[in-house]
Amino acid sequence: MPGEPGGKMRMRVSTSLSVAGYAMALLPLAAPALAHSGEAGAGGFISGFQHPLLGPDHIVAMVAVGLWGAFLGAPAIWLLPVVFPLVMAAGGVLGILSVPIMGVETGIAVSATVLGLMVALAARPALWIAAVLVAAFAIFHGYAHGKELPAGAGAVAFSAGFVIATGLLHLCGVAFGLIASWPAGRIAVRAAGAVIALVGAAYLAGMA
Amino acid sequence: MTGWMILGIADMLAPTHVLAIVPLGLLAGRDPWRWALLAFFIVGLTAGSLAIAAAVRETPAALVLLVIAATAGLTVATAWQPPSVATGLLALAGGMALALNTPPQATIIGGAVIAQISGIIAAMSALALVIALGSRARAPWQRVGLRIAGSWAAASAILVLALRLAR
């Protein structure tokens, strides 16, 4: 609201974002009621939406991007969810073109480990360093999705589905990361980062 | 008659079309001449429909729509405000491509006309709705939300464009 003290404004925004984030987190649990399932429409969107959710390493890395963005504060908090899908699309194009990239799955696991550690250690590098790091990891995630993009009528719905799912995971991370405004919340966020790093490490070690 | 109307609306609101309409509407929503841009879109839709009626041959309309979606989405994501003329031309091209990418599937002329008119109204309404929503975004978090939506649309369009060009 115009003229409102900055503190109340941030609280209102963070509350709205938190509510939205928690609501969006429940979306993947919704059982779709489909009279007709088909790749060209709702079926393709659902398949694409589920794609990032089928890999725990994808999920934790995407949540970590949002967490870290919230931790770093403005402008990272909104810059990362805006830029990440675009860089991920670039990675997806590489996957579609079958450009050989070694160690994609390893890169995804490393992304979860590194991003989780950034949050756990409360790392606050310069914005450009954070952006480069996140962009590099976005290439790997995009490549993995691009390789599995279906040809034909379902491509649009599928790509929209997985881009939106990825974005919503970011927003979940942002929503959770906003609790770092409070001392106890800060501990919870860093603990979440540690868990994410452990999940990534488990994938690297071949234990998951 | 209802069947042809539903067919026309469903064809016009296919995923590729919605992918183009949303970022185009968000881009137009930020422009002070937004309702004039809607008029450009309608002109494009009409021109494209007339071309269809004149039995124009197959066009790369689907690819054009993806390019428009990517361009509009990227512009919204970067929060850059292009000149109204540029956005108008994009809306005109978008309308035309939408109509050209929606050849009537009806086997009778009457049904085809009903389907086409229904589709035009659906596309017009969808764009108007997105323009209205986009123009109401005033709070900083709402503007960020629009940028994120533009980013998502651009990313999806880029991926599908790459897929169609590569395969």
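This talk walks through a predicted model with a chain A and a chain B, starting with the fold of chain A and ending with the contact between the two chains.

Let me begin with chain A as a whole. Its secondary structure comes to eight helices and zero strands, and reading along the sequence one simply meets α-α-α-α-α-α-α-α. Of the 208 residues in chain A, buried residues make up 48%. If we take the contacts in chain A with a separation of 6 or more, residues 24 or more positions apart account for 83% of them.

One residue that illustrates such contacts is Gly193(A), which lies in helix H8, residues 183-204, of chain A. Is Gly193(A) buried or exposed? Gly193(A) counts as buried because its relative accessible area is 0%, and the cut-off for buried is under 20%. Leaving aside residues up to four places away in sequence, Gly193(A) touches Leu67(A), Gly116(A), Leu117(A), Val119(A) and Ala120(A). For Leu67(A), which is 126 residues away along the chain, the C-alpha atom is separated from that of Gly193(A) by 7.9 Å.

Staying in chain A, I would like you to look at helix H6, residues 127-147, which has 21 residues and reaches 30 Å from its first C-alpha to its last, close to the 30 Å expected at 1.5 Å a residue. Its buried residues include Phe137(A), His141(A), Tyr143(A) and His145(A), along with smaller entries on your screen such as Ala130(A) and Gly142(A). Which helices do the buried residues of H6(A) pack against? They pack against helix H3 (56-72), H4, helix H5 (104-120) and H7 of chain A.

Now to chain B, where I will show one helix. Helix H4 of chain B, residues 61-78, has 18 residues and spans 26 Å from first C-alpha to last, close to the 26 Å expected at 1.5 Å a residue. Among the buried residues of H4(B) are Leu65(B), Leu66(B), Ile68(B), Gly73(B), Thr75(B) and Val76(B). The buried residues of this helix pack against helix H2 (15-29), helix H5 (84-100) and helix H7 (140-166) of chain B, and also against H4 of chain A. Just after H4(B) comes Ala79(B), whose phi is positive, near 60°.

That brings us to the contact between the chains. Chain A and chain B bury about 2200 Å² between them, with 81% of that area on carbon and sulfur atoms. Leu86(A), Ile96(A) and Val156(A) supply 26% of the area that chain A buries against chain B, more than any other three residues. The contact draws 29 residues from chain A and 22 residues from chain B. As for specific interactions, the count between the chains is zero salt bridges, while two residue pairs are in polar contact, both at pLDDT 80 or more.

On the side of chain A that touches chain B, the elements giving two or more residues are helix H4 (76-96) and helix H7 (155-177) of chain A. The largest share of that side, eleven residues, comes from H7(A). By type, the residues of that side divide into 23 nonpolar, six polar and no charged.

I will close with a residue of H7(A), namely Ser159(A). Ser159(A) is classed as buried because its relative accessible area is 0%. Residues up to four places away in sequence aside, Ser159(A) touches Leu149(A) in chain A, and Ser156(B), Leu159(B) and Val160(B) across in chain B.

Key
Residues numbered from 1 in each chain as written. Chains lettered and ligands numbered in written order. Predicted model: local features only at pLDDT ≥ 70, side-chain atom pairs only at ≥ 80, totals over all residues. Heavy atoms only, no water. Contact = heavy atoms within 4.5 Å. Buried area = accessible area lost by both parts, 1.4 Å probe. Salt bridge = Lys/Arg side-chain N within 4 Å of Asp/Glu carboxyl O. Polar contact = N/O pair within 3.5 Å; in protein donor to acceptor, adjacent residues only side chain to side chain. Helix = DSSP H or I, 4+ residues; strand = E, 2+ residues; numbered from the N terminus. Nonpolar A, V, L, I, M, F, W, Y, C, P; charged D, E, K, R; others polar. Buried < 20%, exposed > 50% of the residue type's maximum accessible area, 1.4 Å probe, protein only. Expected span 1.5 Å × (residues − 1).
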